[in-house]
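Hello,

Here is the structure I promised to pass on to you. Please have a look at it first, and then read on for what turned up in it.

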Amino acid sequence: MEIGVKFCGGCNPTYERGAAYKAYRERYPEHHFETVDLQKTYDRILVICGCEKACLREYRECGAKEYLIFAKKNDFDQEYPFL
């Protein structure tokens, strides 16, 4: 599965986004994760927000079948049946 990753600007992070993302990516080695390329369409886009305000909640600049919005550290602990 092709998964595009978009991080928020990090103006007010409440957790270490990079470490959470790294651990998440390691849980799914069978999938390809990459920084969003606006010229591509992805199976999923993972939008990683640093706080619960989730300013990127409406991010839709890139094509994808589905978007996942992670705004707090425990969002990375959820199991998603399509991954």
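**The sheet and what surrounds it**

The model has an open sheet of 4 strands in the order β2-β1-β3-β4, with parallel pairing; strands here are DSSP runs of E of at least two residues, helices are runs of H or I of at least four residues, and both are numbered from the N terminus. Two strands count as paired if DSSP finds at least two bridges between them. At the edges are β2 and β4, each of which pairs on one side only. On average, neighbouring strands of this sheet are turned by 30° against each other, direction ignored (axes are lines fitted to C-alpha atoms, for helices over the stretch in contact, with angles from 0 to 180 degrees between N-to-C directions).

Before going further, a word on the ground rules: this is a predicted model, in which local features need pLDDT of at least 70 and side-chain atom pairs count only at pLDDT 80 or more, while totals for chains, interfaces and linings use all residues. Residues are numbered from 1 along each chain as its sequence is written, and side-chain values use heavy atoms, with hydrogens and water left out.

Now to the strand pairs. β1 (residues 2-7) and β2 (residues 32-35) run parallel over 4 bridges, and Glu 2 has His 32 as its bridge partner in β2. Between these two strands the chain passes through helix α1 (residues 17-27), in a β-α-β crossover that is right-handed (with the strands pointing away from the viewer, the path from the first strand over the helix to the second runs clockwise). β3 and β4 are also parallel, joined by 7 bridges; one bridge partner pair there is Ile 48 with Phe 70 of β4.

Phe 70 is a good residue to click on. With 0% relative accessibility it counts as buried (under 20% relative accessible area; over 50% is exposed and in between is partly exposed, with a 1.4 Å probe and protein chains only). Leaving aside neighbours within four places in sequence, Phe 70 is in contact with residues including Tyr 15, Tyr 24, Leu 46, Ile 48 and Tyr 80, where contact means heavy atoms within 4.5 Å.

What about the aromatic rings? There are 8 aromatic pairs, counting rings of Phe, Tyr and Trp (its six-membered ring) with centres within 6.5 Å; planes under 30 degrees apart are stacked, over 60 edge-to-face and the rest tilted. The rings of Phe 70 and Phe 76 are edge-to-face, because their planes stand at 80°, with centres 4.8 Å apart. Ring pairs link these two into a cluster with Phe 7, Tyr 15, Tyr 21, Tyr 24, Tyr 28 and Phe 33.

The largest nonpolar core has 14 residues, and Tyr 21, Tyr 24, Phe 33, Leu 46, Ile 48, Phe 70 and Phe 76 have the most contacts inside it (a core is a set of buried Ala, Val, Leu, Ile, Met, Phe, Trp, Tyr and Cys residues joined through side-chain atoms within 4.5 Å). Two or more residues each come from β1, α1, β3 and β4, with the largest share, 3 residues, from α1. Another core lies apart from this one, with 12 residues, among them Tyr 42, Val 47, Cys 49 and Cys 62.

One last spot to check is Ala 54, in the loop between β3 (41-48) and β4 (63-70). Its phi is near 50°, a positive value in a residue other than glycine, and Ala 54 is buried at 3% relative accessible area.

Best wishes
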